[in-house]
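Reader: I would like a close look at the empty space and the bound molecule in this model. Please take me through both.

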Amino acid sequence: MSDMIPYGRQYIDKEDINAVISVLRGDFLTTGPSIEKFEDSVAKYVDAKYAVAFSSGTAALHGACYVAGINEGDEVITSPMTFAASSNCILYQKATPIFADIDKRTNNIDPVEIKKNISDYTKAIIPVDFTGQPCDLDEIVKIAKNHDLIIIEDAAHALGATYKNRKIGSISDMTMFSFHPVKHITTGEGGIITTNNREYYEKLLAFRSHGITRDRSKLSEDHGPWYYEMQFLGYNYRMTDLQAALGISQINKSDYFLKRRTEIANKYNQGFTNIPEVERPYRPEFNSNSWHLYVIRLRLEKLKVDRKTIFEELRNKSIGVNVHYIPVYYQPYYKELDYKKGICPNAESLYEEIISLPLFPSMTDADIKYVIETVKDTVLRFSIRG
Ligand SMILES: *Cc1c(COP(=O)(O)O)cnc(C)c1O
């Protein structure tokens, strides 16, 4: 085992390659027929009415914040245990991110903490399905209804996951999926918003292309067939047809990807039974996790060393472990905005104890066994038991 086993990795086969090549030989390199086809496939896969593809998951989140009407003076509640994009999209709209602490068991945003952080300025909630485990969406929907808030779900980790037998992607007002190479399916870079709301859908389509519309029924004037109107300030956030073709080919394999990710997670769960130094991910019975990440929590009180030592030992043994996540407000940019340590104690203590293990569909059974044995050996070596 000299090659590093990464924590995540894309799965690309001949079909994927041929799908991209056939677009290269065709007429449209961007915004061609593959875009709509990909959007339809994703919408269908997650039981949503509409989908709008973007150049990245981050751009998709920006679009969702825009069409939700998030603006300067508004507050938006999100989780600190996430990638910066979940909160940066709020800043793009000049609104204020408010970090609500996570639940200690699920590591997802705690509905009780959401309630505590609601003010007269709260406009929306951006819950994050951490590692692919859905948030407590019934509770969050209830809160949103009571306070007239919009829910933009960051489901970058959760393609294919279900909450109480409903697919993630059709429960919140808008749901974002990412197609970065470590995510469930990839388009190189890419993201999508799914929604059942037609108004959001139409606005998102315009937002990703400069705020331009060609819909004759929506124009304020009509000079002729060439005429279009830029009706608000949008961006160029379009996905290319090359990417969409790859996405279509990838989503055809998503059930296999999900099955293999679940198998690997189950093997880890089994492998770490009776290892008191390693706390396995908690899963509420009613959720199905799509297993983007397998995050173990070290029980530091049972170890003679800290997380960094275990992390470095595993890296030295060619296991490409990682840490998801550094609480967003620890970042220097956020510190400058006056966010202080101590605002989310559960997220902060989780951060000291977590390690993400490799998890991706093309991992071999030998890889999985090696990771389990190496993690076990390492924690035993530093255990207060030994
Ligand atoms: C990957 C990811 C995103 C979006 O990332 P892009 O790289 O822009 O597609 C957003 N939130 C979370 C939690 C993510 O993991």
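Author: What follows covers the ligand site, then the enclosed space.

The model is predicted. Start with the ligand. It sits in the second largest pocket. Around the ligand are 15 residues. Gly57, Thr58, Asp154, Ser178 and Lys183 are the closest of these.

Now the polar contacts. Gly57 uses its backbone: one of its polar backbone atoms is 2.9 Å from an oxygen atom of the ligand. Lys183 uses its side chain, with an N or O atom 3.0 Å from a ligand oxygen. Tyr325 also takes part through its side chain, where a polar atom lies 3.2 Å from an oxygen atom of the ligand. How much of the ligand does the protein cover? On its own, the ligand has 380 Å² of accessible area, and the protein covers 92% of that.

Next, the enclosed space. The structure holds 1 cavity of 30 Å³ or more. The largest cavity has about 40 Å³ of space. Lys183 comes up again here, as one of the residues that line the largest cavity. Other lining residues include Arg9, Gln10 and Tyr11, along with Pro181, His184, Ile185 and Thr186. Gln250, Phe257, Arg261 and Pro361 belong to the lining too. By class, the lining has 5 nonpolar, 4 polar and 3 charged residues.

Where does the largest cavity lie with respect to domain 1 and domain 2? Domain 1 spans 14–251 and domain 2 spans 254–381. Both give residues to the lining, so the largest cavity lies between them.

To recap, Lys183 contacts a ligand oxygen through its side chain and also lines the largest cavity.

Key. Residues numbered from 1 in each chain as written. Predicted model: local features only at pLDDT ≥ 70, side-chain atom pairs only at ≥ 80, totals over all residues. Heavy atoms only, no water. 1 Å grid on protein atoms, 1.4 Å probe; cavity = no way out; pocket = protein on both sides within 12 Å on 5 of 7 lines; lining within 4 Å. Points joined across faces, edges and corners; volume = space filled by probe spheres on them. Nonpolar A, V, L, I, M, F, W, Y, C, P; charged D, E, K, R; others polar. Domains from an automatic or database assignment. Near = heavy atom within 4 Å. Polar contact = N/O pair within 3.5 Å; in protein donor to acceptor, adjacent residues only side chain to side chain. Areas by Shrake-Rupley, 256 points an atom, 1.4 Å probe, with all protein chains shown as cover. Sits in = over half its atoms within 2 Å of the grid points.
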